[in-house]
Every structure is written in C-alpha cells, then in structure tokens.
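Biologist: I'm new to this one. Please pick a single part and look at it closely with me, then show me what else is worth finding.

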Amino acid sequence: MNPQAGYNQPYQGGYQNYGGPPPPAGQNRGYGGPVPGQPPQQNAYMNGPPSLGPPGPKPSQGGYGAPPSQKGPTGGYAQGGGDMQNGFSHSGQTYGAPPQQQQYGRGPPPPGQQQYQQGPPGPPMSSVQSGPQGPPMSGIQTGPPMSSVQSGRPGPPPMSSGQTQMVNQMQTMSLSQQRPGPPGATMGAPPPSNMPPSSYGQPQGPPGSSAPPSSMSMGPPSSMSMGPPQMGPPGPMYSSAGYAPPSSQQGMVGMQKSTESKPKPNYTGAPGYQGQYGPPPSSPGGFGQPPPPGPGGMGGYQGQPVAQPPQQRRLDPDQIPSPIQVIEDDRTSRGGQQFATNTRGLMPPLVTTDFLTIDQGNCNPAFMRASMYNIPCTADMYKQCNVPMSLVIKPFAELKPQEAQLCLVDHGAAGPVRCNRCKAYMCPFMQFVEGGRRFMCSFCSCVTDVPDTYFAHLDHTGRRIDVYQRPELACGSYEFVATLDYCKNNQPPSPPAFIFMIEASYNSVKNGMLPLLAKHLKGLLDTLPREAGQEESSIRVGFVTFNKVLHFYNVKGTLAQPQMLVVSDVADVFLPLLDGFLVTVQEARAVIDSLLEQIPQMFSDTRETEICLGPVVQAGLEALKAADCAGKLFVFQTSLPLAEAPGKLKNRDDRKLLGTDKEKTLFQPQTSFYQTLGKECVAQGCCVDIFLFPNQYVDVATVSEVCKLTGGQLYKYNFFTAVNDGERFIQDLTQDIQRPIVFDAIMRVRTSTGFRPVDFLGNFYMSNTTDVELAAMDCDKAVAVDFKHDDKLSEELGAYIQCAVLYTSVSGQRRLRVHNLSLNCCSTMADLYKSCEMDAIMNILSKQAVRSVVNSTPKAIREQLMAQCANILATYRKNCASPSSAGQLILPECMKLLPLYVNCVLKSDALQGGAETSTDDRAWLMHLLNSMDINSSGAFFYPRLLPLHNLSPDKDDVPAAIRCSIERLKDNGVYLLENGVSMFMWIGMNVDPEWIQSVFGVQSVAQIDIDSGTLLSLDNPLSARVRNLVQQIRSQRSRFMKLTIVRQRDKLEPWFQHFLVEDKGLYGGASYVDFLCHMHKEIRNLLS
Ligand SMILES: [Zn+2]
C-alpha cells in the first residue's frame, strides 16, 4: 500500500490529544471547520468523517455546521420564556415519539400544579431552530496537542554532593560562529513553511521534506558552527567575546570526532570530575562522564586521553548530562528499597524510581516533595541562589498497595489537639514538656496545655509513652475525624452529588458523543467512588441535558418513567424540581437506565446548534445548593456558548497574535463571568469538569476559568468522532468518575518561624492569602507552594511544614488530613546545592512561566527563565566549584539537567507561542500543566522513548528508555514515545518483517494500517507483550493516551519529531546542545 495513500482521507489517529490535527501548512484557517469551497482538503485533516461537516453550510455555524436541513420539527414547541415543559413522564411511550410535555409557570413547580399538555410529536425540546445562527466562528482551531512526556527527571544527587563538570568542551569552542543570538531567540520564529505544523497537527509536508538529517547529532544543521575545527590550545579562542552558541554541526567541543558514527562514550576514567564535589557518576555516558581529554587548556580534564586525539570536535551528546542516565542511576541505587522518613531533610528517591515509603514521622514524598531539602538560612542566600524554595503538594495522592494507608484518628467531641496560637495540629514535631502536661509548638513555639483526655507520661527521653499508639505522634500523615466545629453551619454535611450535564444538540448527536455517553454512563454509575469498606456509594446523581434551554430530569425511584422538565428562561435559571432530581443509583436504577436509554432517541433529530453554558453551570450550582451538598458537575459541550444567555461568548480568536507581545490578550478571559461563577461554585463546594468536543474555537481560556477555580479539569477532544475518539473519551470519563476525590476542601500550609508560604499555583480559589479553597480535589491534582523568608532560619532547629486539608469525603464525612515535613536549613551554598530536587524545581518553574503568559510577553518569559537558569548555575560555580578554567562548564550534580529541562519548557507547546498551535490548544495545555504533579510534568516536558524491537516476550517490564533525539532511532527499530498526553509508535523502514508480522499481522512496514490507532490482538507472545506494555504505560497516566502510529519518513514523522526534545525544534527551539552552550556563555558572562 502506498504509504501516502492514507493521507487523503481524514486522518483520524493521533490528533486526539490536542484535539485536532494541525492544519496543513499554509492552510491554517481551514483547519477548524469546513470551508466553503474546499471541502475535500479541509476534511482531510479533521478527525471526523468528512460527512460530518456539512459541506454546504457556512462555517460560521457551530462546529459541525448548521444542520443540513431545516425541516426539523419546528412545529409546536415554541416555548415561551420562562416555560418549563414537562416531558416524558406518563407517556410511557418510546421516544421517537414526542414525549408529552407539561408546562409550568416560572418557579419551582409546585407539585400540584403541573398541567400536562400533549405536545406535538417531535423532539421534546421546543424551539427548534435550524438555521445557522450566531456569530460566525470561522477561525477555528483546534489544534494540536502538546508534546512531551516524561520521565526524565533530574535527580537528586544522592549521595554525593558532587558536581559534575562539563568539562570542557566548551572551552574549546571558537568564536566563529555565526549565530549571534542566544538560541532561544529564534524560538518564536515561525516554522518554515514546509514544516509540519505543530505537534498537534498533522504534518503535512511531503514525506521526506521535513525529515531531519539522520545523522544530526546535535542540532540543527544550521550553519552555526562554532568552533574551529581544530581544537587547539585554547589560547586565543577564549577571547572575552565568549563563544557563541555552538553550532551543532561542528566544532563543538569536544569529545568526539566529528565524523559521524554514533557517539559513544569511550572514556574510561573520570577525568572530568573534580573530585571534591562528589564522586563521579557511575555510569558512562552521562554528563558526569569525563570527556576524553581535550586539547590542552581544558583545565578540568584530568582524564586519560582517549584514543586518538580528535581532529575535529563537536560536542558529543553522550557527554552532556543525560536524563536517562540520571533516572537509571537513581533506580539502580535506590530502586526497590524502603524509604524511611525518620530523618529531617532526607531526600527521597526520584519520582521515576520505584520504592516503598515507610512513614516514620515525615510524610510520604507522594504527598509532598520539596524543591530543596536543605533550605537557605537567610533571605539573602535564597535570593542569591535563585533556586525556588517550594513544595509540590498532592494531598490525596494514591499510595502503593504495599504502603500503609493513612490512619483515621477520632478524638471524639473534643476534636484534634491543636496549638493555641497558630492552630497547628498535633504532630510528631511537637515537643512535650512539664512531664507531658504541656507541649511546645514546633511551628510557632507557643506552649499549650495538653487536654486531660490526651495526657500521657513521658519516658526518660522526653517522649510520650504512647507515641506508637498515636498516629499523629508517630506518622508524617494521618487523618482526624472533624467535629461539627469544622462543618458549615455546624451541621454534618450531606453526601456529595455528581450531576451529568449533557449537550443535546445537532453537534453532539452527529459526532456521536451523546449516544456514546448515554450508553456508557449506565455502567459507570455502578463505579462511583465509595468510602473504604462501604458497599454502595453514597454519591447521588442527577441529569440535565441542554442546548439553548435546559432539560432537567426527575428520576425518582418510584416513577415508572423519568420526567423531563424544561427551563427555557436561561437568563435567570432556576431549579424546576427538588425531589427526584438527585438520587442514589441504588434507589433509582431502573428510572435512570430508562432515561439513559431514551435520551439518544429523544434528541436524535434535533436541529439545535446553539448552546448556552453559563446557565448550565448555574443550574448545577443551584441544584447542589438546594440539596445542601457539595458535588461535581460533569459538563459535556461541543461548541462556543453563543446562545443569548449569561456567559455568552464571542469568537475573539486571532491566531496571528500567538507568539507576539499581544498574545496574552487571547489567554485572558474575555469576560469575568466564568470567574465570578467559579467563585460562587467554590463557596458551595461545586467542582466543574468540562469535556469539550470542539470543531472550532471554543475559547478554552475563558471557560476553563470555572474549572480552574473549582479544582476541576477540562478535557478536550478536537474533531471528535465516536469511532476514533470514543475509547479515549470513555476511558477519561471512567477515570474521572472513579478516582478518589474529596469535596468542599480548604487547605492551609503552616510553617515554622522564619519562612512562610507566599504563592500558590494550581486549580483552586483563594479569598485570602492563606487558605486554599478547593471545591473538590482528586488524587491526581497537585498544588505548588512557594515560600519566602520572614526571618533567619537556624541550622540547628530546621524548618517544619504542615499541610492540613479539611474536607468532605465521598460518603459525607467531614475530615482533616494532615501531612508533615521537616527540612534542614543550611548556611553554605554547597549544602544547598546538594539537596535540590530537580523535578520539583521544574514543576514550579514551568507553572510560574505559564502563569506569566497572561500578563507578560513570550520574549520576557523566555528571558526570565533563561536568566534564572544561568543565575542558579553561576551561583553554584562561584560558590561551590573549585577553581578551574572559565572554559569549563561546571554543573551541580543534582541540577545538571537544569539546562535541558529549561530548554524543554521553553520549547513546550504550552509556552511557546507559534502560529501552528491553536489558541485553544495552548490554553488547554496551560490549564493541564497548572495542576500537574511532578511525575506528570517531568514526562510532559521530557517524553519517555522506549525501544520495542528488542522486547523479550517473556518479560513484563518496561524497557529502559532512551534519549529523545532522532539520532537515537535506528531505522530497523520500533519505538514508543509518550508524554502523558500523547503516545506514538514510530516504526523504522527496515524493521524485521517478523516483528511486523507478529504485531501488525502484515508482511511489511508499508502495509501497516497506521490510521487505525489500535493494535490487533494477534495470537502470539510478541503481540501480547506489546499490547500489555501499551496498557501498562497508559495505566500510569491520569489521561488516556491514544496511540498514533508513525512510519519513518511518512508525513506524520515531523509531528512525532516535535517530541524529540533534545533536537532542534521544528519551529525554532534550540537543541539541547546549543542551549547548553548558550547557558555556558551566560554563566561566564555572569561570572566575569
Ligand atoms: Zn503553634
């Protein structure tokens, strides 16, 4: 089969992540929707079948265009404002037939007043309009997704405080380069026109045209060469001019001959390291590896010369710090071990290492990780080092099955014991005095009386004798049963509710979302979250469908059939029923099933394309208020809310602004409506998750505000079709419904004297400077906290942090969850730089950078991030490294990956404005990142690339990852790449036909059906192994990743390459090597 052939058809694979495929180069505008006059072309990039887009209708209509015809049932259902029509109860008939409707006057329907009127046949909803209405939304874009995933993370330097030195290399570079600016400068540059659009999209270039040179070892082929081909002694070359960013092509320092071949470390010694900073890395190849001896003058090198002195050198990618190596080293040294938390300031293994935590007084790192475990004693030192002093908190993280779950402590009516002054909760850090009658708070030093009921004697060491009977004295994490004092109005809360609010429109029916959802929801309702030990979930459920009016459903268990109540006065939405709207699944199973069976039929002929959103969320909020409970709204929506109603939006997209100084305007909400609404929701404990199925611009930046403020999440499926994206959608929804979650939460972070939290990042609302309000919080969400000094800290006393979250559980119990962490304090930079946690640092830095998008410019953000990176490294060099030649790049061991990761963030689709990524996709990625935990952000920025061609069928492990560079791919190899959002399988042209036969059931690479996106279930061990591996990787992420199959040199390849983050970006981002050289130069500038 001609490999190209498939591209004439709608491409359906892979774009799911970001939604849609990127537009073909040069045709961006069409990308979102049908353009009159050129249907075929446009369709080709849509996920949906071509037929979905109405060929004729103007693009200005909703996503799918206006309904094809107007002959819908227009009769009869005219609805007046304020009418509520009651639908199908009593009629008992099947729905193709119009349900009977009843009309109510405004106001909650008094039970006795319902009047039933027969409705005309037809869809239950009234006012069908078929014509296109609304402002045109032509500029669509749903773009592509983002890239990157994770696994690499820099690691903490376990034991050594070493420092790695890049030896080097850089020093020998010459100044010849031609590239004046920092590599970053080009980042915003538009991609060459023949390049494929961003990763979200589908690459369109002719095959091969964009293929990177296979041998590019480092970088762009561009001409920036850097150094002289020969590396002579440094003398002259080190002119103060510094060097410019090295080019990748030649000359970089080096260690290897520039002749091609794969870089291979061949050093045996550890020359590059300067001893006192720590042991050399154990494995070869990493950055810590000493480079082969360079030309004279490289001070740092003491190693042995490698074979022959190279004549031409280039920076060998194997010589620069490798995230793979860092991860593997940590796994080797700490994997499979137990991590006991009984020591202050102890650094945990990396998040990518598998280990078990034994809670002995500090919390499991799954709950809280610090950016440094040895924090600077003074503000001055902190300012100088520039390393964030932060914490990433995931308070409801799921623990491993082998780890002890949190104990629940019940102090009865007295409630938890707390410090009188700062209100910190009893914890292992409190010191008991006066024979155990009082305790001194480790946070504020206040001394508080021990309640009589809590008294215990002290042993000869001053510890309470009951310490091991009391989790709050022995463990870093535990829960308390909250008393009524901790409840709203001193009343115990009701169990929370889930309300499913489903768009019932022409679009949602045509793309298959509505029927698919109705079909799967039935089963999912059996899997609502339960309290441990509970047999049935206490969560109540409710259902609403909407377009430009709202339909509420009475699903009371005693009814024979569900009843529909229509609220068409969306200007001031009200709840038409109380009794029967929220029910438990157990009590109303039959009625709910009946409703879910009927919904698709009821709306199968709808012509409605206009929808509202504000009133939908308001209605959900009102329902929770009326039921006096917290809960979550699951809103399923296809298009921009254009209907005349509160929260109506306009299409204000302007892709031309992306990447410019004005792009921030696109990411600021166009109205404060959704923020205001979000705040009202938070007050009620109403979390909002929105599932978007757009074919064009839906203004994610504006609508996501309501999710962001309420601890919710926004999902997005561009060009959705049930066939191609149904699995992903249903898997995401399943995970979203089932995962552990709490409601109506408030989080407070307390610290010991001398420092305090000053900045919080994540999905929540704060009405004051200390309390983080979360309408809901699930097990995957993280909050990042930044601290600053108030005063001096003491090395002797250390620093203590207590994070307490008051919440309502899924069964309606009010509880407190407490996590404690103690850190060391230091007065020397060397100590500080020994205990930094690279992945936590990047989590914070990337969130801060993304937050700046709405009030800064791309250039300023890039410069700020690069300056911070250079400052961190320069401070280290100045304070910690032994004297050495300025030509050496010396990096702290635990932050040796900082330049790589900073570059990955700069190149990320979440941050880099470019014409090829749609506004909505950018906004969506920014939203995703905002609540990511450390593991997710690590993978997101540095994807995991796994070779599959050598998989052993008898094992079930995940193969060792390789570095994200095209150079690492062999044309007889097969690789899986994933970043937590996207997943690809890249297949080389010369892969063993047997492998292809086993996994794909065809004889050659060319015959693989790459559009299917699924792996056949073939009866052989290799097929099973590959499928299991894909499954295993998916299970590690909080979103379902659809698989996109990419053949070497196919059109999709450039899109895949966008995720090979060590290489030069297709849109101008610097390669790792170039960026490292640039950083080196910046560091030298700072030090000179
Ligand atoms: Zn206190």
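Modeller: Let's start with one term: a residue is called buried when its relative accessible area is under 20%. Cys441 comes in at 2%, so it counts as buried. Bear in mind that everything here comes from a predicted model.

Cys441 is a good place to start, since its SG atom is one of the protein donors of a zinc ion. The others are the SG atoms of Cys419, Cys422 and Cys444, and the donors lie 2.2 to 2.3 Å from the zinc ion. How are the 4 donor atoms arranged around the zinc ion? They subtend angles of 98 to 115°, and that makes the arrangement tetrahedral. For comparison, the ideal angle for four tetrahedral donors is 109.5 degrees.

Now follow those donor residues along the sequence, where their spacing reads C-x2-C-x18-C-x2-C. Cys419 sits in the loop between strand E12 (408–409) and strand E13 (431–433), while Cys441 sits in the loop between strand E14 (438–440) and strand E15 (447–449), so the pair ties together parts that are 22 residues apart in sequence. Cys419 has a relative accessible area of 1%, so Cys419 is buried too.

Stay in the loop between E12 and E13 for a moment, because Lys423 is there and, with a relative accessible area of 38%, is partly exposed. Its phi is near 70°, which is a positive value in a residue other than glycine. Asn490 shows a positive phi as well, near 55°, and is again not a glycine. You'll find Asn490 in the loop between strand E16 (477–481) and strand E17 (497–503). At 44% relative accessible area, Asn490 is partly exposed.

Let's step back to the whole chain. It has 22 helices and 35 strands, and 65% of its 1088 residues are buried. If you take the contacts with a separation of 6 or more, 76% of them are between residues 24 or more positions apart.

Leu524 is a nice case of a contact across the sequence. This leucine belongs to helix H6 (residues 513–524), and its relative accessible area of 8% makes it buried. Its C-alpha atom is 9.5 Å from that of Ile730, although the two residues are 206 residues apart along the chain. Leaving out residues up to four places away in sequence, Leu524 touches Leu733, Thr734, Ile737 and Gln738.

Gln868, in helix H15, reaches across a longer stretch: its C-alpha atom is 6.4 Å from that of Asn386, and 482 residues of chain separate them. Its contacts beyond four places in sequence are Asn386, Pro388 and Leu845. With 10% relative accessible area, Gln868 is buried.

So much for single residues; how does H15 pack against H16? Helix H15 (residues 858–880) and H16 have axes 10 Å apart and an angle of about 175° between them. Angles over 145 degrees count as roughly antiparallel, and that makes H15 roughly antiparallel to H16. On the H15 side, Arg862, Leu865, Met866, Cys869, Ile872 and Leu873 make the contact, and on the H16 side it is Leu898, Pro899, Val902, Val905 and Leu906.

H16 (residues 898–907) has another partner in helix H14 (residues 838–851), with axes 11 Å apart and a packing angle of about 30°. H14 and H16 are therefore roughly parallel to each other, and their crossing is right-handed. Here Met838, Asp839, Met842 and Ser846 of H14 meet Leu898, Tyr901, Val902 and Val905 of H16.

One more helix pair to find: helix H8 (residues 614–627) and helix H10 (residues 673–684). Their axes come within 10 Å and cross at roughly 15°, and H8 and H10 are therefore roughly parallel. The crossing of H8 past H10 is left-handed. H8 brings Gly614, Val617, Gln618, Leu621, Leu624 and Lys625 to the contact, and H10 brings Phe673, Tyr674, Leu677, Glu680, Cys681 and Gln684.

Key:
Residues numbered from 1 in each chain as written. Predicted model: local features only at pLDDT ≥ 70, side-chain atom pairs only at ≥ 80, totals over all residues. Heavy atoms only, no water. Donors = N, O, S within 2.8 Å, 3.2 Å for Na, K, Ca; no water. Tetrahedral: all angles 85-135°; square planar, octahedral: opposite > 155°, others 65-115°. Helix = DSSP H or I, 4+ residues; strand = E, 2+ residues; numbered from the N terminus. Buried < 20%, exposed > 50% of the residue type's maximum accessible area, 1.4 Å probe, protein only. Axes fitted to C-alpha atoms, helices over the stretch in contact; angles between N-to-C directions. Parallel < 35°, antiparallel > 145°, perpendicular 65-115°, else oblique. Left-handed = near helix turned anticlockwise from the far one by under 90°. Contact = heavy atoms within 4.5 Å.
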